[in-house]
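Reader: I would like a close look at one loop of this model and at what surrounds it. Please keep to what the coordinates support, and say how far the prediction can be trusted.

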Amino acid sequence: MNRLTQLRGLAGLLIPGLDAHEARTLGWYHVYGEMFRLLCEDSGFLDFGWSEDPDTSDLLGAQHEMVRQVTASLQAGPEGPWLDVGCGEGGPACLMAQERGVQVTGLNINASQVAMCIERAQRLGVQVDFVEGNAQEMPLDSGTFSGVYTIESPLHYPDKPAFLAEVTRVLKPGGRFALCDIVRVPRDISLGQAMGVELGRWLYACPPLWSAADWAEGMRSLGLEDVEIMDCTRQTLGLTPAWIRQLDSVKGEIRKRYPPGVYQGARRILVELSARLEGLPIGYTLVTARKPA
Ligand SMILES: C[S@@+](CC[C@H](N)C(=O)[O-])C[C@H]1O[C@@H](n2cnc3c(N)ncnc32)[C@H](O)[C@@H]1O
């Protein structure tokens, strides 16, 4: 990332509304990317993971399971090529190329993460194309992919209809789409809870979240078919206690690299999330759909 992008990102992080939303997202990963790499042991995965066992200590295994679960519906269609939107540091796309032998393209708005993806694929000896670009305006040809998936990335997109329109455009006729992400859960909540969610959203550089029903409706309005919703809050956010243990295990490194309070702040957010999960107006969902043939 060049210095100008870094400065835009940092300014966007500190002063919301100063610049495009994307600048805040870049700034967020610029500041906290290292903490996530510590937490995820530089595995190339940056998501909650998916496990039926909330006490698991194998968080990397859970992150592998996440991409397997998400792409399971794509496997019902033709074998590749697939697009991974918001591909992070490349772990999921490289795993699919290795395990499934599928041709995968990873798209990410963050140039420094794209560089990490390319380096990871080279190190693992897998063939994956990584492209820098915005999910809401993809620099990709129409009708290219038989499968498009996205994991824990759309929560960052301010223009979700534009993203869905782009997914529909780049899918081949008959191609399948799978989205797995944190969503809004319509619930009556107290003012205090609402403020907590707003603060969390701001800290995590997220515009307003969509609910699972919003995603399903957005897909249907673009003509996508066979839209199915699966709530997976338990298998994903249910792993928060395991992430707290993981955070504690890298506490020393976080304290060395970040100002005082960062470790405690991150821990506090995770503890609140884990303690109040049942009543919170957020959850995690897998929504799948198909473009008509
Ligand atoms: C929480 S990470 C998840 C990464 C990956 N999907 C995984 O499961 O490990 C979210 C990713 O979305 C990317 N992202 C955010 N906004 C984006 C946008 N508008 N277009 C493309 N990528 C975006 C971020 O740069 C980051 O890499």
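Between which two helices does the loop that holds D42 lie?

Author: D42 lies in the loop between helix 2 and helix 3, where helices (H or I, at least four residues) and strands (E, at least two) are DSSP runs numbered from the N terminus. This is a predicted model, in which local features need pLDDT of at least 70 and side-chain atom pairs count only at pLDDT 80 or more, while totals for chains, interfaces and linings use all residues. Residues are numbered from 1 along each chain as its sequence is written. The pLDDT, the predictor's confidence in each residue on a scale from 0 to 100, has a mean of 90 over the protein chain, and 92% of the residues reach 70 or more. Over residues 15-19, however, the pLDDT is below 50, and this stretch has 7 contacts in the model beyond near neighbours in sequence, a contact being a pair of residues whose C-beta atoms, placed from the backbone, lie within 7 Å.

D42 has a positive phi of about 55 degrees, although it is not a glycine. With 14 other C-beta atoms within 10 Å, D42 is partly exposed; the scale calls a residue buried if 20 or more other C-beta atoms lie within 10 Å of its own, exposed if 12 or fewer, and partly exposed in between, with C-beta atoms placed from the backbone. S43 is also placed in the loop between helix 2 and helix 3, and with 17 C-beta neighbours inside 10 Å S43 counts as partly exposed. Leaving aside neighbours within four places in sequence, S43 is in contact with L60, Q63 and G91. The C-alpha atoms of S43 and P92, which are 49 residues apart along the chain, are separated by 9.7 Å.

On one side of the loop, helix 2 (21-39) is among the elements that give two or more residues to the shell around the ligand, the others being helix 4 (91-100) and strand 2 (104-108). Helix 2 provides the largest share, 3 residues, of a shell in which 24 residues surround the ligand, the closest being D47, G86, G88, A135 and S153; a residue is near the molecule if its C-beta atom, placed from the backbone, lies within 6 Å of it. The shell divides into 10 nonpolar, 11 polar and 3 charged residues, where Ala, Val, Leu, Ile, Met, Phe, Trp, Tyr, Cys and Pro count as nonpolar, Asp, Glu, Lys and Arg as charged, and the others, Gly among them, as polar.

On the other side of the loop, helix 3 (residues 59-72) has 14 residues that should span 20 Å at 1.5 Å a residue, and its end C-alpha atoms are 20 Å apart, which agrees; the expected span is 1.5 Å times one less than the number of residues. The buried residues of helix 3 are L59, A62, Q63, M66, V67, V70 and T71. Seen down the axis, these residues fall within an arc of 170 degrees, so they line one face of helix 3, the arc being that of the directions from the helix axis to the C-beta atoms. An α-helix has 3.6 residues a turn, so residues three or four places apart point the same way. The buried residues of helix 3 pack against helix 4, strand 4 (145-151), strand 5, helix 10 (240-249) and strand 7.

Beyond helix 3, L74 has its place in the loop between helix 3 and strand 1 (82-85), and with 25 other C-beta atoms within 10 Å L74 is buried. Not counting residues up to four places away in sequence, L74 touches W82, G147, Y149, R176 and A178. The C-alpha atoms of L74 and G175, 101 residues apart along the chain, are separated by 8.0 Å.

For comparison with D42, D226 in strand 6 has a positive phi of about 50 degrees, although it is not a glycine. With 13 C-beta neighbours inside 10 Å, D226 counts as partly exposed.

Terms used: Contact = placed C-beta atoms within 7 Å.
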